[in-house]
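User: I'd like a close look at a single part of this structure. Please pick the sheet if there is one, and take me from strand to strand in plain language.

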Amino acid sequence: MSLLQVDDLTVHFHIRRGLGKKSIDTVHAVDDISFAITEGETLALVGESGCGKSTAARAVLQLVKPTSGAIRFLGQDLSDLSTRKRRKVMRDAQVVFQDPYSSLNPRMTVHDLVAEPLRAQVHLSARDLEARVLSLLEMVGLGTQHLWRRSHEFSGGQCQRIAIARALALDPKLVVLDEPTSALDVSVQARILVLLDDLQRRLGLTYLFIAHDLAVVESMAHSLAVMYLGRIVEHGPAAEVFRVPRHPYTVALLRSSPSPDPEARGTMKVLEGDVPSAVRPPEGCRFHPRCPFRMDICTTECPQPHAVGDRLVSCHLPDDFDTSATGQAVMV
């Protein structure tokens, strides 16, 4: 049974203007996406900035209200619950945000930052509270010498460790990682990823990992969902998607990732054109204005997800379609 099940999730935002706040347009942030996460595993939701992945995560956390669709967490449909019951259930879902500095109150000490969710949700004696705070800090590689310092006294990596400790305070089952390493140096990114992987193994955590850099999630993700302009275009086991991508956009993402191999750098290919507006997304396949393999049907008919082996792909291209190393279309 899935810990988290998302079915046909849609999130639209209305653009309002004037004294009457009349709606003049709609932002199609997320359109009809579905995915599931098994307990103890990591689903990476990846794509360019503005594709809707963070909005989808916020809908899962109930920070934004879905326009339609169903979100089941711990076997319960969140839309069927009262506000009180929903808040109780959502204690088991926590989040680590992208910017470690802006997510921490600069006026609070590390002790108070980590203790805050415990004081709000759990009744502990002063001694037990101190012990729990120290345990959480040790869990993320920080010690007692950091207890009474404030966030401006720490590096970005240390601040993110504090944010992780705070997220783990209530023993959550699901942790949403909203680009938790994108604001950090590469060497620090690696250490944070190792920490997250270790915590998952030790505590049995389930991750929804939001990222735009495929290299960041390659070593951690069990499954991968690739988003483009509000839709999931490819979804399947991460190892298989990395090995043989089936959607042209996934291929483009992989080829745009920097490589440490000097011989591979020359093969990097960048998509031409800009991402269309989410206010007026293209008819048919949303990727077709930038797709080098588009066909007439792509401009008029939206492709539906269909099974290609052990994954789902939303594309009109044949299932045996592949690309060569030079980017030319070939049939295999």
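Analyst: Some naming before we start: helices (H or I, at least four residues) and strands (E, at least two residues) are DSSP runs, numbered from the N terminus. This is a predicted model, so local features need pLDDT of at least 70 and side-chain atom pairs count only at pLDDT 80 or more, while totals for chains, interfaces and linings use all residues. Residues are numbered from 1 along each chain as its sequence is written, and side-chain values use heavy atoms, with hydrogens and water left out.

Now the sheet. Eight strands make up an open sheet with mixed pairing, and the order across it is β6-β7-β8-β3-β9-β10-β12-β11. Two strands pair if DSSP finds at least two bridges between them. The edges are β6 (93-96) and β11 (306-308), each of which pairs on one side only. From one strand to the next, the twist averages 25°. For angles like this, axes are lines fitted to C-alpha atoms (for helices, over the stretch in contact), and values run from 0 to 180 degrees between N-to-C directions.

Let's walk in from the β6 edge. β6 and β7 run parallel and are joined by four bridges, with Val-96 facing Leu-177 of β7 as its bridge partner. On we go to β8: it is parallel to β7, with five bridges between them. Leu-177 turns up again here, as the bridge partner of Phe-209 in β8, and Leu-174 has Thr-206 of β8 as its partner. β8 in turn pairs in the parallel sense with β3, over five bridges, and one of the matches is Val-46 with Ala-211 of β8.

How covered is this stretch? "Buried" here means under 20% relative accessible area, "exposed" means over 50%, and "partly exposed" is in between (1.4 Å probe, protein chains only). Five of the five residues of β7 are buried, so β7 is largely enclosed by the rest of the structure. Leu-174, Val-176 and Asp-178 sit on one side of β7, Val-175 and Leu-177 on the other, and all are buried. That split is easy to picture, since in a regular strand the side chains alternate between the two faces of the sheet. β8 is largely enclosed too, because six of its six residues are buried. Its two sides hold Thr-206, Leu-208 and Ile-210 on the one, and Tyr-207, Phe-209 and Ala-211 on the other, and all of these are buried.

What packs on the sheet here? Helix α6 (residues 186-203) does, touching β3 (42-46), β7 (174-178) and β8 (206-211); contact means heavy atoms within 4.5 Å. The direction of α6 makes about 155° with that of β8. Taken together, β7, α6 and β8 form a right-handed β-α-β unit. Right-handed means that, with the strands pointing away from the viewer, the path from the first strand over the helix to the second runs clockwise.

Further along the order, the pairing sense changes to antiparallel for β9 (residues 223-228) and β10 (residues 231-237), which share six bridges. Within this pair, Val-226 stands opposite Glu-234 of β10.

β9 also carries a ring worth a look. Tyr-228 in β9 makes an aromatic pair with Phe-287, which sits in the loop between α9 (248-256) and β11, 59 residues apart in the chain. The pair is edge-to-face, at 5.1 Å centre to centre and with 80° between the planes. For reference, rings of Phe, Tyr and Trp (its six-membered ring) pair if their centres lie within 6.5 Å; planes under 30 degrees apart are stacked, over 60 edge-to-face, and the rest tilted. Both Tyr-228 and Phe-287 are buried. Ring pairs also bring in Tyr-249, so you get a cluster of Tyr-228, Tyr-249 and Phe-287. The count by this rule is three aromatic pairs.

One last stop, on the way into β7. Asp-171 lies in the loop between α5 and β7, and its phi is near 55°, a positive value in a residue other than glycine. Asp-171 is exposed, with a relative accessible area of 53%. Compare Asp-8, in strand β1 (residues 2-17): its phi is also positive, near 55°, but Asp-8 counts as partly exposed at 43% relative accessibility.
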